[in-house]
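Grab a pencil and work through these exercises with the structure open beside you. Each one gives you a task and then a solution in steps.

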Amino acid sequence: MKGQKGTMKSPQFVEFRPQSSATHMHTHREKTMVSGNGVFYQILGLGMIVVFIYMSFGGITLFSFDEGPTLSFVGRNGTQFMLDGKAFYVNGWNSYWLMAQSVDEYSRPRVREMLKNGASMGLTVCRTWAFNDGDYNALQISPGRFNEQTFKALDYVIAEARQHGIRLLLSLVNDLHAYGGKNQYVKWAWQEGIGISSSNDSFFFDPSIRTYFKNYIKAVLTRKNTINGIEYRNDPTIFGWELINEPRCVSDLSGDTLQEWIEEMSAFVKLIDKNHLLTIGLEGFYGPNDPKDLTVNPEYWASKLGSDFIRNSKTANIDFTSVHIYPDQWCPDQEFKDQLKFVYKWMLSHIEDGDTVLKKPVLFSEYGLSETMNNFTLFNREKMHKTVSDIIYKSAKKNRSGAGALVWQFLVGGMKEFSDSYGMVPYESSSTDSLFIKQSCRLARIKGWTHMMKVSNIFVSKNCGKEN
């Protein structure tokens, strides 16, 4: 994943101070009354004012946003997500780039188009990054210092998602280098002369870096949206928080370091925000002491990454588990038919864990098939996607823990630089589009239409016949 090119506006820097509460500007509507003989000029003047506001703020004004659908928080009852008293099954996608593309006026329409397209397919949840640490258009420029322009971009993403009836799973940091990641935190501590190790894994065990990250968590969760005036922790548009994308701590194969970090950070999140669900962001690999290491993990290396699906997911403050599915990366030497067998076994194993061991929902938060794999075809990619969708559907019908899946990843036209060989523009393939629409209809029908958002009810009436 690449950073964005282009001319960067002069950023507004905001320093976050954990001990004091920051104040934020709250936009408001002004009523304008027109009367008398000067109607034409007053209307003309009003039009000029609207144009000025649009040009000044790139279209991000309350003229563009009404209150949107009335939303409730997604909760959890045992192994199922719950919404308004009914089971909630997730058919969604990843677009990690939403905040990055909302910073500049020229790229912001891509975000609206993507969310609109997702809603048109009946999708309910989008996973995206709520971090950019020290990279181009960074949200966090240095520990506790934020670019207000980028924070407003995240405000826009959340407000716009609400307009389209889409909920967001927001990830808080990357284990990988893209958009800064844990490596950037280690660099900051090293540059300030307080880091105890130059290892990337010191992100998990260095007390100073843990403090950096806690301050970041607090800044994001308590952020007051400049568009709708709602603190993030109080906004039901947010489906939940993800601590870190694909955590690995290879310097401690016992898994103790990562486990202690998960326990500390999850407790800290819940101290600030009791409204939202919380997950870790795991890939789903079983640890070295788990019998499934030898029977389910893709290869021997999978248990040697310092993570442990069962142990990590048992953490009390973790509400649901996260699992990724990349047979092309993990089993590169296998034939496609064998990779599909792995997908089936991998998913059923984790659903079994959710049902019998963890007693929590299982969200397959990334799955995909790269166009760079040998003998790639769109047919094979869609067959893999259908395999995932069918397993989720069957799990939902039986009230099991397989609570949904998020494909990696959807784009809109003109975004080749973001595609990473997995990217898809869904409407460019009618078969891809229809596959996801069919899944949305099937999941909606299981417990009745009412588990869909009001915006999605329009989708249901247009797309979901009896035979979908």
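**Exercise 1. Work out the strand order in the open sheet formed by three strands, and find which strands stand at the edges.**

Step 1: The order is β2-β3-β4, with antiparallel pairing. Strands here are DSSP E runs of at least two residues, helices are H or I runs of at least four, and both are numbered from the N terminus. Two strands pair if DSSP finds at least two bridges between them.

Step 2: Look at β2 (75-77) and β4 (86-87): each has a single partner strand, so these two are the edges, and one side of each is left without a neighbour in the sheet.

Step 3: Zoom in on β3 (residues 80-83), which is joined to β4 by two bridges and runs antiparallel to it. Across this pair, L83 sits opposite K86 of β4.

A quick note on the model: it is predicted, so local features need pLDDT of at least 70 and side-chain atom pairs count only at pLDDT 80 or more, while totals for chains, interfaces and linings use all residues. Residues are numbered from 1 along each chain as its sequence is written, and side-chain values use heavy atoms, with hydrogens and water left out.

**Exercise 2. Describe the surroundings of strand β13 (residues 362-367).**

Step 1: Check burial, where buried means under 20% relative accessible area, exposed over 50% and partly exposed in between (1.4 Å probe, protein chains only). Six of the six residues in β13 are buried, so the strand is largely enclosed by the rest of the structure.

Step 2: Find the partners. Strand β12 (residues 321-325) pairs with β13 in the parallel sense over five bridges, and I325 faces Y367 of β13. Strand β14 (residues 402-408) is also parallel to β13, over four bridges, with G402 as the bridge partner of V362.

Step 3: Follow the chain from β13 through helix α12 (residues 378-397) to β14, and you get a right-handed β-α-β crossover. Right-handed means that, with the strands pointing away from you, the path from the first strand over the helix to the second runs clockwise.

**Exercise 3. Count the salt bridges and see what the one between D155 and R223 ties together.**

Step 1: Use the rule: a side-chain nitrogen of Lys or Arg within 4 Å of a carboxyl oxygen of Asp or Glu. The count comes to 21 salt bridges.

Step 2: In the pair D155 and R223, the closest N and O atoms are 2.7 Å apart. D155 belongs to helix α3 (residues 148-163) and R223 to the loop between α6 (207-221) and β10 (238-242), so the bridge ties together parts 68 residues apart in sequence. Both D155 and R223 are buried.

Step 3: Now try D338 and K341, whose closest N and O atoms are 4.0 Å apart. Both lie in helix α11 (residues 336-358), three residues apart, or about one turn of the helix. D338 is partly exposed at 26% relative accessible area, and K341 counts as exposed at 56%.

**Exercise 4. How do the axes of α12 and helix α13 (residues 430-446) cross?**

Step 1: The axes, lines fitted to C-alpha atoms over the stretch in contact, come within 10 Å and cross at roughly 0 degrees. Angles run from 0 to 180 degrees between N-to-C directions.

Step 2: Angles under 35 degrees count as roughly parallel, and α12 and α13 are therefore roughly parallel to each other.

Step 3: Contact means heavy atoms within 4.5 Å. The residues that meet include L378 and Y393 in α12, and L435 and F436 in α13.

Note on methods:
Parallel < 35°, antiparallel > 145°, perpendicular 65-115°, else oblique.
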